[in-house]
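Dear colleague,

I am handing over the structure we spoke about, and my notes on it follow below. Please read them alongside the coordinates when you have a moment.

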Amino acid sequence: MKLYSTNNKDLRVSFKEAVFNSLPQDRGLYMPEVIPSLDPLFIKNIHQYSLQEIAFTVASALIGDDIPAVDLKKIVEDAINFDAPVKFLDPETAVLELFHGPSYAFKDFGARFMSRVMGYFSKQGDKLLDVLVATSGDTGGAVALGFLGVEGTRVTILYPKGKVSKVQEEQLTTNGKNIRALEVEGTFDDCQALVKQAFNDTELNRELRLTSANSINIARLIPQTFYYFWAYAQLKAQGVDEVVFTVPSGNFGNIGAGLLAYKMGLPVKHFVAGTNVNDTVPRFLASGAYDPKPSVQTLANAMDVGNPSNWVRIQDLFDNDLDKLRNMISSYTYNDEQTKAGMRELFEKYRYVACPHTAIAYLASQAYKEEYPGQYASVFLSTAHPCKFPDGIDADIFEHVVYPEGAKELAGKPKLAEPLQVDYEMFKDYLTEK
Ligand SMILES: *Cc1c(COP(=O)(O)O)cnc(C)c1O
């Protein structure tokens, strides 16, 4: 697999280089030089394969011989060790649940696969790989649990004190081993600024082998294609083969992976992006003008993104052609009040408790169906378990949340976080153990 930069199509880097650098120097994003087409026979018979078999086939098509098949198979089987079931709520509406991994959010697919790929490529190197990540909640948990116990790596997570939910904090702070949590006396932006400064610190980079677990890393994008194929396989097993996927979107990495799957030959009728009031992409699709704004805080806070970093990838997939984009992607935007109404509707109509992000996807899937009725399955993606968002869900609904077994166990574990002031020198001393 060779990759180019969206800012320089003549550039070519290896998969390994793209994994460790996350971003090309020119600040574009890495894209596969060739998007492989899967064998039509594989797609035709896809309902006969398991999630892991599908994941391996898709990963090998993309990654090629950068990782030998036996090793890639091990990575896939170890990383994707939980299900992503499609559940029908009524004959035309289904939810693809992506929260059955260790951090109860879809980011587990990306983080678990990336951590194992990084661990694999690091074996040859001698220096410990220091992974730095700032989180507003979901990313940190997925990265912590993804890298937990991965040899040759050490993870430092910065999270804003008092600004993540209980389950999220427990997932960040109860691990020990190669995972360290810093509870920052500041905001998510402060955490991000500290991490950014560390990456730009030449002296520090001489001393430590730093890498980011950024959501734009190609090794996080690839495994997110797996569950689109798997969802289609499940539908096909039930005789359904027309599908519209609706994806709750913030940085547009999730839907970007779906679109990549489509380009590899997955038969999808259409994609719908649901957003909160951070609506840069919906405005772009409507007007053709890309006009990012500072992010606004909402109930669906994992989607509070003013300038979605994966959008350039999606534009690249569609040759930067607005008509092609509009042909394949629609989008709808919801404010907090509507999001709450969406959660209520899901609960009252189907007894389904959803997190705010998932409710936005549900609303957008219904809006699309109303605008474009037809014989197809509307599948909306559930990106997180509702137990992670107690503040975003009305109490009378939240009390029906069924906690996963693991979440109950977390509550009894001691918190292992160190406090940190928003002070770069202190952060640096911590990293270099001075
Ligand atoms: C990260 C996240 C999203 C947004 O996904 P993108 O790939 O950034 O569009 C949506 N929902 C939840 C629960 C998340 O954690």
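Which residue in strand 2 is the bridge partner of Leu-3? In this model, which is predicted, that partner is Val-13. The pairing belongs to an antiparallel arrangement in which strand 1, covering residues 2–5, is joined by three bridges to strand 2, covering residues 8–14, and the connection from strand 1 to strand 2 is a hairpin of two residues.

Strand 1 also pairs with strand 3, made up of residues 30–32, again through three bridges and in an antiparallel sense. Here Leu-3 is found opposite Pro-32 of strand 3, so to speak of Leu-3 is to speak of a residue with Val-13 as its partner in strand 2 and Pro-32 facing it in strand 3.

Turning to the ligand, I find 15 residues surrounding it, of which Lys-107, Asp-138, Gly-250, Asn-251 and Thr-383 are the closest. Sorted by class, this shell consists of six nonpolar, seven polar and two charged residues.

Three polar contacts may be useful to you when you look at the site. Asp-138 places a polar side-chain atom 2.6 Å from an oxygen atom of the ligand, while Asn-251 uses a backbone N or O atom, which lies 2.7 Å from a ligand oxygen atom. For Thr-383, an N or O atom of the side chain is 2.8 Å from a nitrogen atom of the ligand. The ligand taken alone exposes 390 Å², and 96% of that area is buried by the protein.

With best wishes

Methods. Residues are numbered from 1 along each chain as its sequence is written. This is a predicted model: local features need pLDDT of at least 70, side-chain atom pairs count only at pLDDT 80 or more; totals for chains, interfaces and linings use all residues. Side-chain values use heavy atoms; hydrogens and water are left out. Two strands pair if DSSP finds at least two bridges between them. Helices (H or I, at least four residues) and strands (E, at least two) are DSSP runs, numbered from the N terminus. A residue is near a molecule or strand if one of its heavy atoms lies within 4 Å of it. A polar contact is a pair of N or O atoms within 3.5 Å; within protein, one must be able to donate a hydrogen and the other to accept it, and residues adjacent in sequence count only if both atoms are side-chain atoms. Accessible areas come from the Shrake-Rupley method with a 1.4 Å probe; for residues, only the protein chains shown count as cover. Ala, Val, Leu, Ile, Met, Phe, Trp, Tyr, Cys and Pro count as nonpolar, Asp, Glu, Lys and Arg as charged, and the others, Gly among them, as polar.
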